[in-house]
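Biologist: I have this model open on my screen and would love a close look at a single part of it. Could you pick one region and walk me through it slowly, as you would for someone who spends more time at the bench than at the graphics terminal?

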Amino acid sequence: TQYEYDAMDVVIGVPTFKHAPPLNADPTAWQDIPVIDIQNEQFLVSGMPVQGVPWAPQWRGPDDLSLKYRLAWTPDEGLAVLVEVTDDQFRPARSE
């Protein structure tokens, strides 16, 4: 059985499992779950190239920013998500 997630005219199948994969950030436990690999500037919210503004933040490819995610569904626990992010700069949020 599979549930479907529909966003931006893209339908993504979410496999159903009896037990959710462990939520310990270990991607090897999720290896049987299909991966959605995002390495394209069209999915960025900020960092898109701005014509005539070379000092603005610019996306420079998958090593600059990309991600992979996996989704799994269980009737008892709901949606489980694993996200692996590649970014050449780590900027933690300021604590206020």
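**A close look at strand E5**

Modeller: Let's start with a pair of strands: strand E4, residues 65-74, runs alongside E5 in the antiparallel sense, and the two are linked over 10 bridges. Please keep in mind that what you see is a predicted model. E5 is a good place to look, since this strand has the highest mean pLDDT among the elements of the protein, 87, whereas strand E1 (residues 2-7) has the lowest, 57. Where pLDDT is low, the predicted coordinates should not be read in detail. For the protein as a whole, the mean pLDDT is 77, and 76% of the residues reach 70 or more.

Now follow the chain from E4 into E5. A hairpin of 3 residues makes the connection. Several facing pairs can be picked out along these two strands. Trp73 of the pairing stands opposite Leu79 in E5. Leu71 has Val81 in E5 as its bridge partner, and Leu67 stands opposite Val85, also in E5.

Leu67 is a handy residue for stepping across to the other side of E4. There, Leu67 in E4 is the bridge partner of Ile38. This belongs to the pairing of E3 with E4, which is antiparallel as well and counts 3 bridges. Strands of a sheet pair through backbone hydrogen bonds, either parallel or antiparallel.

Put together, 3 strands make an open sheet in the order E3-E4-E5, with antiparallel pairing. Its edges are strand E3 (36-38) and strand E5 (78-87), each of which pairs on one side only. On average, neighbouring strands here are turned by 15° against each other, if direction is ignored.

What does E5 show on the surface? A nonpolar patch is formed by Leu65, Leu79, Val81, Val83 and Val85, which together have about 400 Å² of accessible area. E5 gives the most to this patch, with 4 residues. Take Leu79, which lies in strand E5: its relative accessibility is 49%, so Leu79 counts as partly exposed, falling just short of the exposed class, which needs over 50%.

Two residues in the loops make a nice contrast with that. Ile33 is found in the loop between strand E2 (10-15) and E3. Because its relative accessible area is 5%, under the 20% limit, Ile33 counts as buried. The C-alpha atom of Ile33 is 7.3 Å from that of Ala72, although the two residues are 39 apart along the chain.

Arg60, by contrast, sits in the loop between E3 and E4. With a relative accessibility of 64%, it is over the 50% limit and therefore counts as exposed. Between the C-alpha atoms of Arg60 and Glu41 the separation is 8.9 Å, with their positions 19 residues apart in the numbering.

Finally, step back to see the whole chain. The protein has 5 strands and 0 helices, and reading along the sequence gives the pattern β-β-β-β-β. Of its 96 residues, 25% count as buried. If you would like one thing to find on your screen, try the pair formed by Leu79 in E5 and Trp73 opposite, then follow the hairpin that joins E4 to E5.

Note on methods. Residues are numbered from 1 along each chain as its sequence is written. This is a predicted model: local features need pLDDT of at least 70, side-chain atom pairs count only at pLDDT 80 or more; totals for chains, interfaces and linings use all residues. Side-chain values use heavy atoms; hydrogens and water are left out. Two strands pair if DSSP finds at least two bridges between them. Axes are lines fitted to C-alpha atoms, for helices over the stretch in contact, and angles run from 0 to 180 degrees between N-to-C directions. Buried means under 20% relative accessible area, exposed over 50%, partly exposed in between (1.4 Å probe, protein chains only). Patches are made of residues with over 30% relative accessible area and no salt bridge: like charges are joined within 9 Å, nonpolar side chains (Val, Leu, Ile, Met, Phe, Trp, Tyr) within 5 Å. Accessible areas come from the Shrake-Rupley method with a 1.4 Å probe; for residues, only the protein chains shown count as cover. A salt bridge is a side-chain nitrogen of Lys or Arg within 4 Å of a carboxyl oxygen of Asp or Glu. pLDDT is the predictor's confidence in each residue, from 0 to 100.
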